[in-house]
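Here are some notes to read alongside the model, for someone opening it for the first time. They go point by point, so feel free to jump around.

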Amino acid sequence: MQIFPNHEWPENVEEAIAIQEQLRSQVITENQLGIVAHVAGVDVGYNDVTKKARAAVVVLSFPDLQLKEQVVMQSAVSFPYISGFLSFREIPAVLTALENLTIVPDLILCDGQGLAHPRRFGLACHLGVLTGVPTIGVAKTRFIGEHEPVASDRGSWQPLCDRDEIIGAALRTQKGVKPVYVSIGHKVNLNQAIDYVIRCTLKYRLPETTRLADRLTSDLEK
C-alpha cells in the first residue's frame, strides 16, 4: 500500500495545531465507500525499553471477518504524549505498517477519535486524509462531548454532542457492556460508521479489527 504524506511532522504543539487546522477542511463526512471486501484495524503499543512504537495492522475479510493479513512495524517516537495530539505520536508508525500491506483495505477502523476532537481532527481523520482510505474512529473512552443514557440493547446509541454539534455516537456494541464512542474519520457518514462498527463486532465489546490489532501489540510486549 503506497502512502504519500502531505505534511512534515511537527516538532511542537504550535506546529501540530497548525497542521490540524490546515487539514481538517479536507475531511470528507459524506459516504464515499464502494464495495467493502476488506476492513482493517490499527493499534499502537510502546516498548518502554527501546522507546519505540509498535504499530499493528490487521486486515480482515468482510463481512465474514476472517484474518487475511497482519503487519507489525517498529518506529521511533518523535512527538510526546499530549492529549489531543495522539495522531502525531502514533500515525508515523501506523503508516510504516500500512506501507507493508499487500492487501489494501477498503475501510480502516481506528482505536481513537475522529471528529470527536476539540479541533475536529482526531487520529481517524488524520489517517484518512493522509491515506485517502475511508476511516472510522472507535474509541474506548469519551474525549469530549455529552450524550443521553444509552439503552442496554446491542445496537442502541445516542448522539454525542459538543454544544449544538453532533460529533459522534455513544454505541452499545453488546447488551449490558459499556458503550464505545464512534465518530466519522473520513469518507463515511455517521450512520454508516455506526453500522460498520456493529457489523465488525461479534461477541466482544470492541470490533474484531481493534481487538485483534490490540492483542497483537500486547502479545509482542510480553
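Before we start: helices and strands here are DSSP runs, numbered from the N terminus, with at least four residues for a helix and at least two for a strand. Keep in mind too that this is a predicted model.

1. **The sheet.** Let's begin with the sheet. Eight strands make up an open sheet with mixed pairing, and their order is β3-β2-β1-β4-β5-β8-β7-β6. The edges are β3 (67–76) and β6, each with a single partner strand, so one side of each has no neighbour in the sheet. From one strand to the next, the twist averages 30°.

2. **The β6–β7 hairpin.** At one end of that order, β6 (residues 157–162) and β7 run antiparallel and are joined by six bridges. If you want a landmark, look for P159, which stands opposite A169 in β7. The two strands form a hairpin with two residues between them. One residue to look at in the turn is R163, whose phi is positive, about 60°, although R163 is not a glycine. R163 is also exposed, with a relative accessible area of 81%.

3. **β7 and its other neighbour.** How much of β7 is covered? Five of the seven residues of β7 (residues 165–171) are buried, so "mostly covered" is a fair description, given that buried means under 20% relative accessible area. On its β8 side, β7 pairs in the antiparallel sense over three bridges with β8 (residues 180–186). Two places to find this pairing by eye are L171, which stands opposite V180, and A170, which stands opposite Y181.

4. **Helix α3.** Is α3 (residues 123–131) enclosed or open? Nine of its nine residues are buried, so α3 is largely enclosed by the rest of the structure. Among the buried residues are C125, H126 and G128. The cover comes from several directions in the sequence: it includes the helices α1 (13–23) and α2 (86–99), together with β1 (38–47), β4 (107–110), β5 (135–139) and β8. Right after α3 comes G132, with a positive phi near 80°.

5. **H186.** Now to a residue of β8, namely H186. With a relative accessibility of 4%, H186 counts as buried. What does its side chain reach? It comes to 3.1 Å from the backbone nitrogen of I28. Leaving aside residues up to four places away in sequence, H186 touches Q26, V27 and I28, and also G128, V129, G132, V133, P134 and T135. Of these, G128 and V129 are among the buried residues of α3, and G132 is the residue that follows α3.

6. **K187 and helix α4.** Next is K187, found in the loop between β8 and α4. Phi of K187 is near 65°, a positive value in a residue other than glycine. Is K187 buried or exposed? K187 is buried, at 18% relative accessible area. As for α4 (residues 190–199), this helix lies across β4, β5, β6, β7 and β8, and runs at about 15° to β7.

7. **Aromatic residues.** There are four aromatic pairs in the structure. In one of them, F79 and F88, the ring centres are 5.7 Å apart and the planes meet at 45°, so the pair is tilted. F85 and F88 make another tilted pair, at 6.5 Å centre to centre with 35° between the planes. F79 is buried, with a relative accessible area of 2%, and F85 and F88 are both buried as well. Together with W9, these three phenylalanines form one aromatic cluster.

8. **Charges over rings.** Two arginines are worth a look here. R89 lies over the face of Y46, 4.4 Å from the ring centre. The charged end of R199 sits over the ring of Y196, at 5.5 Å from its centre.

9. **A cis peptide bond.** Last, a backbone detail to check. Which peptide bond is cis, with omega near 15°? That is the bond from F62 to P63. P63 has its place in the loop between β2 (52–61) and β3.

Terms used: Residues are numbered from 1 along each chain as its sequence is written. This is a predicted model: local features need pLDDT of at least 70, side-chain atom pairs count only at pLDDT 80 or more; totals for chains, interfaces and linings use all residues. Side-chain values use heavy atoms; hydrogens and water are left out. Buried means under 20% relative accessible area, exposed over 50%, partly exposed in between (1.4 Å probe, protein chains only). Two strands pair if DSSP finds at least two bridges between them. Contact means heavy atoms within 4.5 Å. A polar contact is a pair of N or O atoms within 3.5 Å; within protein, one must be able to donate a hydrogen and the other to accept it, and residues adjacent in sequence count only if both atoms are side-chain atoms. Axes are lines fitted to C-alpha atoms, for helices over the stretch in contact, and angles run from 0 to 180 degrees between N-to-C directions. Rings of Phe, Tyr and Trp (its six-membered ring) pair if their centres lie within 6.5 Å; planes under 30 degrees apart count as stacked, over 60 as edge-to-face and the rest as tilted. A charge sits over a ring if NZ of Lys or CZ of Arg is within 6 Å of the ring centre and within 35 degrees of the ring normal.
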